[in-house]
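Thanks for asking me to look this one over. Here are my notes, in the order I would go through them with the model open on screen.

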Amino acid sequence: MYGMRLMDQRYPDDVIVIRRNELLKHILTNDPKKEKDKVISENLDIIQKKFPTITWVADAFHEFHEILMGDEPGKIDRYIEKYDDSELSSFCNSLKKDIASVRNAISMDVNSGFVEGNNNKFKLIKRMVYGRSKIVNLTQKCKLTFLLNTEDFILMDLI
């Protein structure tokens with residue numbers, strides 16, 4: 001009954017409700033193609049004046065994103081020095097532990113995105129088939145998914 005009563009409660013019409021996760025998604029989105037929430041865009045200046053931490057978080061995120069997508073690995077050291085004594089100190093400590101990998105990720109164009117994408121697809125198929133099929137059906141489902149786009153694929157071979 002309590003849950004039903006909570007659903008009946010409404011905010012007054014003059015109150016704008018912005019959830020924290022929606023605000024974070026808005027300020028941390030770098031893709032210009034993604035459409036941002038208009039309500040948050042209209043009220044972002046008011047929110048930033050009331051909560052200056054939001055501006056600080058957005059600046060730290062965008063600075064890190066720029067360094068990561070750039071090609072100058074030396075900038076990561078300045079970033080770590082800048083934010084080492086702040087709320088991001090644990091993040092900076094993690095970066096220090098794997099600094100060689102982070103520098104390689106910044107300076108090299110090679111990544112494992114294709115392999116990770118295939119691993120993710122396989123795990124998704126495994127979850128869908130789990131408990132209902134045996135290994136043979138999992139094999140058939142994987143062949144159907146991964147070989148469907150190849151030129152020499154024949155659907156009747158799976159039967």
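1. A word on terms before we start: an angle between helix axes of 65 to 115 degrees counts as roughly perpendicular. Please also keep in mind that this is a predicted model.

2. With that range in hand, look at α3 and α4. Their axes cross at roughly 105 degrees and come within 4 Å. The two helices are therefore roughly perpendicular to each other. On the α3 side, the residues that meet α4 are Ile-47, Gln-48, Lys-49 and Lys-50. Their partners in α4 are Pro-52, Ile-54 and Thr-55. Sorted by class, this contact of α3 with α4 holds 3 nonpolar, 2 polar and 2 charged residues.

3. How do α5 and α6 cross? The axes of α5 (residues 75-83) and α6 (residues 89-97) come within 9 Å, at an angle of roughly 150 degrees, and the crossing is left-handed. From α5, the contact takes in Ile-76, Tyr-79, Ile-80 and Tyr-83. From α6 come Ser-89, Phe-91, Cys-92, Leu-95 and Lys-96. The contact of α5 with α6 is made up of 7 nonpolar residues, 1 polar and 1 charged.

4. Helix α5 also packs with α7 (residues 99-107), at about 130 degrees and with the axes 10 Å apart. That angle makes α5 oblique to α7. Here α5 contributes Ile-76, Asp-77 and Ile-80, while α7 contributes Ile-99, Val-102, Arg-103 and Ile-106. By class, the contact of α5 with α7 has 5 nonpolar and 2 charged residues, with no polar ones. If you are colouring side chains, note that Ile-76 and Ile-80 belong to the contact with α6 and also to the contact with α7.

5. Now the pockets. The largest one encloses about 390 Å³ of space. Its lining is formed by 15 residues, with Ile-18, Leu-23, Ile-47, Phe-51 and Ile-54 lying nearest the centre. At least two lining residues come from each of α2 (20-27), α3 (38-50) and α4 (52-69). Ile-47 and Ile-54, already met in the contact of α3 with α4, are among the residues nearest the centre of this pocket. The lining divides into 10 nonpolar, 2 polar and 3 charged residues.

6. Which residues line the second largest pocket? They are Glu-22, Lys-25, His-26, Thr-29, Lys-34, Glu-35, Lys-36, Asp-37 and Ile-40. The volume of this second largest pocket is about 160 Å³. Helix α2 gives the most to its lining, with 3 residues. In terms of class, the lining has 6 charged residues, 2 polar and 1 nonpolar.

Key:
Residues numbered from 1 in each chain as written. Predicted model: local features only at pLDDT ≥ 70, side-chain atom pairs only at ≥ 80, totals over all residues. Heavy atoms only, no water. 1 Å grid on protein atoms, 1.4 Å probe; cavity = no way out; pocket = protein on both sides within 12 Å on 5 of 7 lines; lining within 4 Å. Points joined across faces, edges and corners; volume = space filled by probe spheres on them. Nonpolar A, V, L, I, M, F, W, Y, C, P; charged D, E, K, R; others polar. Axes fitted to C-alpha atoms, helices over the stretch in contact; angles between N-to-C directions. Left-handed = near helix turned anticlockwise from the far one by under 90°. Contact = heavy atoms within 4.5 Å. Parallel < 35°, antiparallel > 145°, perpendicular 65-115°, else oblique.
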